[in-house]
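I opened the model to look up one sheet and one loop residue. My entries follow.

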Amino acid sequence: MFSRSAASTTRRNRKPVRPVVIGLSLVMAAAFGPPAATAGDPGSAGDAPYRGRVLSLMRHMTLQQKVGQLFVIEVAGRHATAVSDAAKAVNQRLYGVDTPAQAIAKYQPGGVIYYTTRVACTGCATDDNIGDPAQVATLSNGLQAASLAQPAHIPLQVSVDQEGGALVARFLAPATQMPGNMALGAGRSTQDAHDSAKVIGEELAAVGVTQDYAPVSDVNINPNNPVIGIRSIGGDPDLVSDLASAQVQGFHAGGVSAVAKHFPGHGDTGVDSHFGLPQVTHSLAQFHAIDLPPFEADIAAGVDTIMTAHVVFPAVDPSGAPATMSHTILTGVLRNELGFTGLIVTDALDMAGATATYPPNVAPVQAILAGADQLLVPPQMDTAYGAVLDAVRNGTISEKRLDASVYRVLLHKYRRGIFADPIVDPAAAPTIMGAPDHLAQAQTITDRTTTLVKNDAGVLPLAAGPRQVLVAGWGVGTTQGIANAMAARGATTQVLESGTTPSTAQIDAAVAAAEDSDLVVVSTNNAYAVNASTGQPTAAAAAQTRLVRALLATSKPVVVAAMRNPYDVASFEEAPTVLDTYGYTADQVESLARVLFGEVDPTGRLPVSVPRADGPGELFPFGFGLGY
């Protein structure tokens, strides 16, 4: 359905700024002339027309400059050279410098990654890179200028985690909020998956981001997966393969490169690799049937970067090394078995899945030896940089191995047009990010994703008009958004938000309010969650289940909206009316309301199977969903 994007996709909305600085690297390559390749040079003849330029540039790079290209670093602040005191303090702690531009000058890294705040790891920095579109575009230009001003004149790869959906979206409004992977899985449309990624790509490219760490290509077959869940397209390898590969082409069509993650598969884990080291217990047969197919499809679709997972996969590598540090997995499987020739980037090296096993001077060296090309946010940059430099000097990492990764990094930048055009137009960015046609497309796609799981009492669809509605449950913004949507259709609403762990008093208040209502809508978030150490529901899940059951015990009709993972229905099988939204963006709340009132037919189908909570077997199979 989709044609493979040209490798040299033209960067969008570029502004010809600083042509002398920008052109230096190209002038250098032209002056040096494309050298005759030798048998020992990295790459292949198929890398034309860029191979000569890359080899020429590499032959004039110092060892330190080559090592720098292996790193993707975070920087604090919203401007390259003028930042707040708080951002200075972060940069000083991380790098011993004040500004992002100074960090670029110190390490000459291959790339940077943007964050808002980071709460997923112990001791993470508060980078605060992302404000309005013009600001981010100006920051990107400033970082590129700082990199191009270094002796090698190499532009940066600028990356971000913008997966779409409610969980991992660094750019919030005014950026368009697409529905996210599992919602797309419910929608079943490769066209929607492609178009969603294209919108994200266009908006990122407008602010100077060149690479998105997406799509997530993990097959989520573990209902208790604490870190993937709705970030996955679903639990069927074929569905994940089809939609993830469509997203790869969509990102490329939008002007950014895609990154398939998390290889070799993070979908059947019970531990969050941000806080521990998960183990995947799949057999080799399961590995090839479940985990590998989406990555094979991504490679066939032209993905140029794959991110590693900090997971142990004993059936593939019995040594117990995490995939990020496993030569068997990265080189043996990804390079040799799957034939992937693009970039391999590690997941963040400051995650516990890496740091718990490998000290900060060991992890980066082991990752390179395993086959990784790029090292993402090591916890101690000076230590990591020095360790890799020393490893090359003492022969632990051969110069040939170093050159292979540097070659792939530089080739990627040529192929993606970053050398040719790294500067964007800050004035154009606000007209592209959150453009009206993007917002309309997001709502249209989202409207095709809501799943009606149960309608036993025939409560739905609702008729518009006056009624008293209690909106209870999880999410301050979610409950108020549902109430607003109900009010717009004639209802008088009361909101009693009770967070992730409703107290007895809050449950009693909701029950009392329900008695004075004509209808109750209750939202849940992970009401199925299980404590991995005890096998019992978490305190939050148990409390949310008590709330739902207490409301069901009233004489009022109750509609349950599972706003995150679709497994919640297993915790309250007796609920007669249940819908799944797979996220809680504003568009997903609006789509929920449209389905409730029959303005949109619920066409979403479960992208996972829902197990029974009280025994073996399925409560609802993959592909289930009701319509009107």
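I began with strand 9, which pairs with strand 14 (residues 577–580) in the antiparallel sense over four bridges. Helices (H or I, at least four residues) and strands (E, at least two) are DSSP runs numbered from the N terminus. Two strands pair if DSSP finds at least two bridges between them. Asn 455 stands opposite Thr 577 of strand 14.

This is a predicted model: local features need pLDDT of at least 70, side-chain atom pairs count only at pLDDT 80 or more, and totals for chains, interfaces and linings use all residues. Residues are numbered from 1 along each chain as its sequence is written, and side-chain values use heavy atoms, with hydrogens and water left out.

Next I traced the whole sheet. It is open, has six strands in the order 9-14-13-12-10-11, and its pairing is mixed. Strand 9 (451–455) and strand 11 (492–497) are at the edges with a single partner strand each, so one side of each lacks a neighbour in the sheet. Neighbouring strands are turned by 15° against each other on average, direction ignored. Axes are lines fitted to C-alpha atoms, for helices over the stretch in contact, and angles run from 0 to 180 degrees between N-to-C directions.

Then I checked what packs on the sheet. Helix 19 (residues 476–487) touches strand 10 (468–473), strand 11 and strand 12 (519–524). Contact means heavy atoms within 4.5 Å. The direction of helix 19 makes about 170° with that of strand 11. Helix 21 (residues 539–552) also packs on the sheet, touching strand 10, strand 12 and strand 13 (558–562).

Last, I looked up Thr 126. It lies in the loop between strand 2 (111–113) and helix 7 (133–148).
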